[in-house]
Amino acid sequence: FSLEQKSQKYLYLLFKEIHQKTNSKIIIGENNYLFEYNYITSYLGKDHVEPVILEKRIKKLKKLQDILTNKGIALIFLISPSKATFYSEYIPEKLIFETDKENPKTNYKMILPILEENDINYFDGLNFLLEKKEKTDYLLFSKSGTHWTRYGSCLILEKLLEKTNNQLDS
């Protein structure tokens, strides 16, 4: 084994981390569910942006939305689903111990009212898939992947197309 292979082996054995060539760390959760570390930190609110910054960004988005609307172009802001939020019960407990896991301050929670206040056309893909979690026979996130399944993405795409058509018809 090379030194790199040995270090990868120890990362896995000691910390349940999987090495990959991108900068995103893969964490092995409970029952061997895989997660990208960045999504876990977002779920825990460790990457939250101050509301003032979110408000500035949404105001810029509103200007863009208005310009596009005047040109007959639809714009829908997608809140994409996160496996860490979808399967939070499988996040390793050692990563949650420092966080108020019942009510962490997250970008997701902070941005929703700002989107509403600014009349932004958006689709909450996270909430949409969470509502379907127990009602579908097909996986929306796989155990061994870190992103939505093709089935989950097709469901979201269908809703986005519906919202786009509604926006263009009005």
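## Exercises on a predicted model

Phenylalanine 86 touches Leu129, Leu130, Lys133, Leu140 and Phe141, leaving aside neighbours within four places in sequence; contact means heavy atoms within 4.5 Å. This is a predicted model: local features need pLDDT of at least 70, side-chain atom pairs count only at pLDDT 80 or more, and totals for chains, interfaces and linings use all residues. Residues are numbered from 1 along each chain as its sequence is written, and side-chain values use heavy atoms, with hydrogens and water left out.

**Exercise 1.** Place phenylalanine 86 and decide: is phenylalanine 86 buried or exposed?

*Solution.*
- Step 1: find the element. Phenylalanine 86 lies in helix α4 (residues 83–86). Helices are DSSP runs of H or I with at least four residues; strands are E runs of at least two, and both are numbered from the N terminus.
- Step 2: read the area. Phenylalanine 86 has a relative accessible area of 2%, so the residue is buried. The classes are buried under 20%, exposed over 50% and partly exposed in between (1.4 Å probe, protein chains only).
- Step 3: check tryptophan 148. Its C-alpha atom is 9.9 Å from that of phenylalanine 86, with the two positions 62 residues apart along the chain.

**Exercise 2.** Classify glutamate 55 by its accessible area.

*Solution.*
- Step 1: glutamate 55 sits in helix α3 (residues 51–70).
- Step 2: its relative accessible area is 37%, so glutamate 55 is partly exposed.

**Exercise 3.** How many helices and strands does the protein have?

*Solution.*
- Step 1: count the elements. There are eight helices and five strands.
- Step 2: read their order. The pattern is α-β-β-β-α-α-β-α-α-α-β-α-α.
- Step 3: add burial. Of the 170 residues, 37% are buried.
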